[in-house]
Amino acid sequence: MSTNNGSGLLEVEKEFTARVPVDEGQVIWQMPVALANKIAAGEVVQRPASAVKELMENALDAGATEIALYLKSAGSELIQVVDNGCGMSLQDARICLNRHTTSKIRGIEDLDSIRTFGFRGEALSSIAAISNVVLRTKRVGDEMGTEVIGDGSTGGSVTPVGTTDGTSVTVRNIFYNVPARRKFLKKPATELKHILDSVHVLSMANPSVSFRIVSDGNELMKFHARLFDEKSDALSARIGDVLSLKNPRNLIPVQETTSYLSVSGFIGRPEEVRRSRGQQYLFVNGRSVRHRYLEHAIFSAYEYLIPDGTYPLFAIFLSIDPRHVDVNVHPTKAEVKFDDERGVYSILRTVVRKTLGMAEMIPDASGAIPLQGLKLDFKANQKESFSGYGSGQSPGQVSEQLYNGHLSGVPSRATGAGGEATDFDSVESGSSADLLWQLHDAYVLTQIRTGLVIVDQQAAHERILYEKALESLSGGFGLSQQLLFPRTLEFDASDFVLLKELIPDLRSLGFDLEQFGGRSIMLRGVPADMVAGDERSVLDEIIEQYKHFEDVDHLSGHENLARSIARKSSVKPGKKLSHQEMRALIDQLFLCSTPYSSPDGRPTIVKLSVDELRERFNQKL
Ligand code: ADP
Ligand code: MG
């Protein structure tokens, strides 16, 4: 490459020579501010939606209650965010486009208590480095406002102007000087979708703020300020704005406070699943975050309640002392780090499971029961993880506390989290206790306050046996009925290997058995509530079932054994039930932690309301 042939230089060489340091021996130089800003901007502004997000966050940090966004060409020509927030003084406006200028932190210690979206002081300078920015701002009570025109490096030109209270930031020709970025903008519909997604997320975290988007002159979106006394009402209304739900009742409120964090928001009923990800929202202290691990906690709470390959929808807000989270991980990747991530996982999973277990998971159930007032002492129980049943044995104090209602032997929805009366009061209350019928030797029918309930006897019984088995497996023991004649049973090699492994667990379930030389087992007793039958086939069938669940559903350990035994021992269709048995079935079902579905997620109950009957019979109310 030639270095000194003057006008003959190629473009690239000109650039290069312009940067050659003055001193011999010095290759390090300090970048001009404009270049540094441009490079830094790449971190903050990846596409128009990132600029929208930053500007709207500034508006929210400024306490705005109304935010409007104007777009042209999906943001590539124009992005303008207008807010009615606190505005800036002339002195502040003069420097707000500079790099590392912020009003939100003063020292490193403030990083531990951040309650604002911003704190890096990089957004406005980054945006100004890659676009033409004009900012107008005025504080309430100030005579005049201030206009700042960005120039990409320093504060830009500043003039007093008459303007309304609040701030308006206009961003034109984004990436005009970063051709690589501008060229790779996706088609307008895609960029617009990204913008909408960002606004949706911010609007959910701020239901009391109104949001409006005008795109190429058309109103694209308008969310009114949701001002309710109850925060959760405002949130559910806003979620309704954002998601188009088939049935808003399909949202179940979540509310739980521990000493470490509090969880609130809404989760979708299992019927309201999605075929793809995209309607899962997780917030930490009001900030939207992506957190695979914690999302997994929520997904896993839905295990067996929804089909494989589907995703539940949720909008969950975690609120936690900022000292326990580090939000400083990446400016745009929306990452957070908790000081006790496993603890958060376990609380989240437990709370979601509990909510699902106690909400009426019957299609068209009327009104979900919010869970309130239950206190978990998190610190004492960090290591416990919830295993899906309400046992008194030793599932850990977390779940014991969660399932208090069940432990005392009183069905949870009767004592009712929050004490609300529900449909099922009358099932227990006895007034209609005798109204029980069996249909086709397979379904039990009973009357409730608002209609008719149909219970699938096998699914219900499986649920009951499953929870019992899990309880026994976790340290309790199942009652055993001794066989009149102990039997020696021979197994083939592979079954025997499996069986040997399962011996301790089978014992806790109530099997009285031991290894008896070679590949034989001596069986002396079986679980007391096992439907009588040939003992040999009982064990065989459990092993068959166990292998099946292992292969097909990838279940393992206790989960698998509990399901196998429940499947094997449950009453099947075709079995006539006595009145007492029907009574016991329904009573025990409602003592379960998750009464509304079988262990593999089939419904146990279908409800037909009087309203629906009326409608079907064409009766006017
Ligand atoms: P950060 O938000 O991280 O502080 P920004 O570059 O986004 O950094 O903004 C710099 C500063 O400009 C903010 O700290 C705030 O004081 C001020 N500011 C930006 N936008 C607004 C706005 N819409 N209303 C009032 N002040 C604003
Ligand atoms: Mg900011």
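A cavity, as I use the word here, is a set of grid points where a 1.4 Å probe fits but cannot get out, and its lining residues have an atom within 4 Å of a point. The model I looked at is predicted.

**Entry 1: cavities**

I asked how many cavities of 30 Å³ or more the structure holds. I found four. I then looked up the largest cavity, and its volume came out at about 110 Å³. Its lining is made of 14 residues, and I noted Glu 303, Leu 305, Arg 353, Arg 463 and Thr 594 as the closest to the centre.

Next I wanted to know which elements give two or more residues to this lining. They are α10 (341-358) and α15 (457-473). The largest share comes from α10, with three residues. By class I wrote down six nonpolar, five polar and three charged residues for the lining of the largest cavity. I also checked the domains: domain 2 (231-367) and domain 3 (381-621) each provide at least three of the lining residues.

**Entry 2: the second largest pocket**

I moved on to the second largest pocket, which encloses about 1000 Å³ of space. I listed 44 lining residues for it; those nearest its centre are Ala 205, Lys 231, Leu 235, Ser 264 and Phe 317.

Which element gives the most to this lining? It is α8, with six residues. I recorded the helices α3 (48-61), α7 (188-205) and α8 (231-242) as each supplying at least two residues, and likewise the strands β9 (251-258), β10 (261-268) and β13 (314-320). The lining of this pocket has 23 nonpolar, 14 polar and seven charged residues. Domain 1 (37-223) and domain 2 (231-367) each contribute at least three residues to it.

**Entry 3: ligand 1**

Last I looked at the surroundings of ligand 1. There are 19 residues around it, and I noted Asn 58, Thr 102, Ser 103, Lys 104 and Gly 121 as the ones that come nearest. Among the elements, α3 and α5 (123-129) each supply at least two residues of the shell. I sorted the shell into seven nonpolar, eight polar and four charged residues.

I then looked up polar side-chain atoms facing the ligand's nitrogen and oxygen atoms.

- For Ser 103, such an atom lies 2.5 Å from an oxygen atom of ligand 1.
- For Asp 83, a polar side-chain atom is 2.8 Å from a nitrogen atom of the ligand.
- For Thr 167, the distance from a polar side-chain atom to a nitrogen atom of ligand 1 is 3.2 Å.

How much of the accessible area of ligand 1 does the protein cover? I noted 92% of the 530 Å² that the ligand has on its own.

Note on methods
Residues numbered from 1 in each chain as written. Chains lettered and ligands numbered in written order. Predicted model: local features only at pLDDT ≥ 70, side-chain atom pairs only at ≥ 80, totals over all residues. Heavy atoms only, no water. 1 Å grid on protein atoms, 1.4 Å probe; cavity = no way out; pocket = protein on both sides within 12 Å on 5 of 7 lines; lining within 4 Å. Points joined across faces, edges and corners; volume = space filled by probe spheres on them. Helix = DSSP H or I, 4+ residues; strand = E, 2+ residues; numbered from the N terminus. Nonpolar A, V, L, I, M, F, W, Y, C, P; charged D, E, K, R; others polar. Domains from an automatic or database assignment. Near = heavy atom within 4 Å. Polar contact = N/O pair within 3.5 Å; in protein donor to acceptor, adjacent residues only side chain to side chain. Areas by Shrake-Rupley, 256 points an atom, 1.4 Å probe, with all protein chains shown as cover.
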